[in-house]
Amino acid sequence: MSHIALVTLVVRDYDEAVAFYRDALGFELVEDTDRGDGSRWVVVRPRGTASGTGLLLARAKDGAQEASVGAQTGGRVGFFLHTEDFAGDHARMSAAGVRFLEEPRHETYGSVAVFEDLYGNRWDLLQPAD
């Protein structure tokens with residue numbers, strides 16, 4: 001069966017992006033390969049998701065790409081980080097400096113809070129209802 005393996009996220013700087021996703025969100029660095037042309041193939045994904053979708057962190061190469069950093073989904077939530085421990089992950093991420101845009105709320109579909117990554121892209125931290 002087919003699946004989406006990677007989603008590209010345009011970033012300003014490889015190292016600052018890796019540090020945020022690894023240290024603040026708890027992702028693992030899956031690959032960081034120098035491509036020989038000044039660019040790198042950098043993949044991160046949530047820990048414990050060996051076969052799950054990863055993020056390809058791609059450094060902006062020109063003005064148009066730089067303008068998209070932090071606005072890749074037009075200000076809407078574009079990424080959804082599922083968790084099995086909403087309260088624990090919310091507390092850990094808050095302590096690591098992640099900026100939540102709202103207090104946690106409990107909806108029929110689960111517990112959720114919107115946060116921004118280091119560039120302003122909006123994410124849902126979501127623990128689906130049972």
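Into which domains is the protein chain divided by the domain assignment? In this predicted model, the assignment yields domain 1, spanning residues 1-68, and domain 2, spanning residues 71-129. The C-alpha centres of domain 1 and domain 2 are separated by 19 Å.

The interface between the two domains involves 20 residues of domain 1, which are in contact with 15 residues of domain 2. About 1,300 Å² of area is buried between domain 1 and domain 2, and carbon and sulfur atoms account for 66% of this area. Zero salt bridges are counted between domain 1 and domain 2, whereas nine residue pairs, both members at pLDDT 80 or more, are in polar contact between domain 1 and domain 2. On the side of domain 1 that touches domain 2, the elements giving two or more residues are β1 (6-11), α1 (14-24) and α2 (63-68). Of the elements on this side, α1 gives the most, with six residues. By residue class, the side of domain 1 that touches domain 2 divides into 13 nonpolar, three polar and four charged residues.

Helix α1 was examined further. Its buried residues are Tyr 14, Ala 17, Val 18, Phe 20, Tyr 21 and Ala 24. The N-terminal end of α1 is capped by Asp 13, a side-chain oxygen of which lies 3.0 Å from the backbone nitrogen of Asp 15. Just after α1, a positive phi of about 80° is adopted by Gly 26. Helix α1 thus presents a cap by Asp 13 at its N-terminal end and is followed by the positive phi of Gly 26.

How values were computed:
Residues numbered from 1 in each chain as written. Predicted model: local features only at pLDDT ≥ 70, side-chain atom pairs only at ≥ 80, totals over all residues. Heavy atoms only, no water. Domains from an automatic or database assignment. Contact = heavy atoms within 4.5 Å. Buried area = accessible area lost by both parts, 1.4 Å probe. Salt bridge = Lys/Arg side-chain N within 4 Å of Asp/Glu carboxyl O. Polar contact = N/O pair within 3.5 Å; in protein donor to acceptor, adjacent residues only side chain to side chain. Helix = DSSP H or I, 4+ residues; strand = E, 2+ residues; numbered from the N terminus. Nonpolar A, V, L, I, M, F, W, Y, C, P; charged D, E, K, R; others polar. Buried < 20%, exposed > 50% of the residue type's maximum accessible area, 1.4 Å probe, protein only.
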